Amino acid sequence: MTTAVTTTEAERVGPLDRLRALHRERRIAAEYPAVPALLAELAASPTGLADLTRAGRLLARVEPDSVRELHPGAAPATVAITGHGMLDALPPALTAQFARHGIPLRTTDTEYDSWLRDLQDTGSPLYAPGTDIALCVLDAPVVFDELPLPWRVEDLAAALDAKLELIAGLVARYTEHGPGTLVLNTLPLLSSQTHQLVDHRSRTELSVRWREFNAGLLRLAAEHPRLHVVDLDPLIAECGPLRDSRLAAYAKVHLGEELLGRYAREIGHLARALRGRAKKVLVVDLDNTLWDGILGDDGADGIAAATTYRGEAFRTFQRAVKQIGAQGVLLAVCSKNDKEPVLGVLRDHPDMVLREADFTRVNANWQPKDGNLLDIAQRLNLGVDSFVFADDSPFECGLVAASLPDVAVIRLDEEPALHVERLLADGWFDVRELTAEDRTRAGQYRSEADRQDLQESAGSMEEYLKALDIRVEVSPVRDHELARIAQITLRTNQFNLTTQRLQQADVVRQKASAGHLVLAVRSRDRFGDNGVVGALFAHRTAEGLRIDNMLLSCRVFARGIEEATLASLLTHARDSGAAAVLASYRPTAKNHRVREFYPSLGFETTGESADGAREFRHSLTGLPAVPAHLTLDVTFTDA
């Protein structure tokens, strides 16, 4: 008979012990939503990577489908692994890193040194239907093992050129026939390889050619949207020895366990980005987080974010936060302070890199921080699962982690020199490609305050919408908007009728397919240009025009944009001879507010399943009107 770990016991034992207890009691699948928090504790410890690998071995014994049966939102991922050397440490590390982001993992391994055959053979596990990510892990011996003896720099250069040409061809093959994202890595170079050349000139030339080869690998990722290349150099700079020479010689383990653990962490970040789970908001504390000191005790003259020994570390942290904020991440403050002194520091303190205008919200008060995070989320119209919270207080971090488990908590400590490293360690804001809308997002959200002022001063909602002077453009997606359209499908959850997630290559393929419509929805108003705020996918069938999905950014809800977009599509369908327009709704935890969207515009329900999924049909009679308060510009090409 087993005994559950009580809360009191859990406080005394570590997260790995708690996970072991869940494993003994066969409760990991049932308690899977609690696993990310346990793994986050492990990751923050000095032995985090090794402990995560141990945890991964326990998690790998849980069938991913059993997790999904109990928790429908925990959709498993499939990762196929191939490479040159032995990679036994990689699957458990991957399992733990994926679980950190709530993703159960199944891995398929191939034989030792089978990478070439696996990439050439479309029948290999890398090409199996349902493969989300195909990892091809390479190392320096994949080149050195093929050199003649003795060898010169010229021999190595020729081998590198041939290898890069071979890999480029294999990448093209995979992106044409493979189902998922292919991942390669740069090849690390060891002194035991360079120093086989005894003259410094030859070593220098070898290093140059090696870096050119790695740069060539990285450039391939710019050419192929479904290729990702992990640069191992920054990871190696963070960890211990690249490998154990004895294991490399006797067991063909050319990349050490610590490096593979860091590599697995990067793949976990990639998986999260591919699923559109990148975080959108960074909420920071102030005292001993953005500056050295406590404003309420020390006063504005007593805090520092420059000019002092510790202050310089806070300045470095502020620069990193500002850099992130310039790339589409919304910044907010959640601090236990009086608001006016905080605003005074943000506006006037000479040490500050971050200013009031950098933040979309400044919540400085004495209310509990979990409540303040909920307030910020409500005002930004975002879910707290898109939030990252950084604070130096163990109490505040514990409070938020316990009451808002969907918030990613970054536990800073008393050493400000480590703040940047901890902020960036988990790649919470990583996306596949930055768009023009990302760079202007903070300004767009800040302009919402002006819209709210206008709404509060208007006599009615109709008066407010008319005063906004909304202008909507619906037309086929343009080439420079492809990344943004893919991003909308990945990151939009509330107004997302079927939650189909598309990578950029998928959008390109649909755009090029005969009979398909891929439309971008753009909007602007008196307060500025919102850019691409929505997307609509449709295709012709024998029954009529079927809407595959419709999406709209939460920033522009309830302004008539959704009604105008669909009204324009229905008109186009009628004018182009379609017999009807068909559509679907697939319920999720977040899109319930659009359940009645199609019926509200004249669609009839033609079917409904037990899980709440619904099918609709519009007969193209009695078409809805475009809302009178906005101006609509529509361009269609035949689908």
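These are my notebook entries on one helix contact and on the aromatic pairs of this structure, which is a predicted model.

Entry on H21 and H22.
I looked up how helix H21, residues 436–446, lies against helix H22, residues 448–457, and found that their axes come within 4 Å and cross at roughly 25 degrees. Since angles under 35 degrees count as roughly parallel, I noted that H21 and H22 are therefore roughly parallel to each other. I then listed the residues that make the contact, which are Gln444, Tyr445 and Arg446 on the H21 side and Glu448, Ala449, Asp450 and Arg451 on the H22 side. Sorted by class, this contact of H21 with H22 has 4 charged, 2 nonpolar and 1 polar residues.

Entry on the aromatic pairs.
I counted 9 aromatic pairs, and I went through two of them, beginning with Trp210 and Phe213, whose rings are 6.4 Å apart centre to centre with 50 degrees between the planes, a tilted pair. Both residues belong to helix H11, residues 200–223, where Trp210 and Phe213 are 3 residues apart, about one turn of the helix. I also checked their accessibility: Trp210 is buried at a relative accessible area of 2%, and Phe213 is buried with a value of 2%.

I turned next to Phe597 and Tyr598, a tilted pair with 5.6 Å centre to centre and 50 degrees between the planes. Here Phe597 counts as buried at 6% relative accessibility, and Tyr598 is buried with a relative accessible area of 1%. Following the ring pairs onward, I found that they link Phe597 and Tyr598 with Phe495, Phe557, Phe603 and Phe616 into a cluster.

Key. Residues are numbered from 1 along each chain as its sequence is written. This is a predicted model: local features need pLDDT of at least 70, side-chain atom pairs count only at pLDDT 80 or more; totals for chains, interfaces and linings use all residues. Side-chain values use heavy atoms; hydrogens and water are left out. Axes are lines fitted to C-alpha atoms, for helices over the stretch in contact, and angles run from 0 to 180 degrees between N-to-C directions. Helices (H or I, at least four residues) and strands (E, at least two) are DSSP runs, numbered from the N terminus. Angles under 35 degrees count as roughly parallel, over 145 as roughly antiparallel, 65 to 115 as roughly perpendicular and the rest as oblique. Contact means heavy atoms within 4.5 Å. Ala, Val, Leu, Ile, Met, Phe, Trp, Tyr, Cys and Pro count as nonpolar, Asp, Glu, Lys and Arg as charged, and the others, Gly among them, as polar. Rings of Phe, Tyr and Trp (its six-membered ring) pair if their centres lie within 6.5 Å; planes under 30 degrees apart count as stacked, over 60 as edge-to-face and the rest as tilted. Buried means under 20% relative accessible area, exposed over 50%, partly exposed in between (1.4 Å probe, protein chains only).
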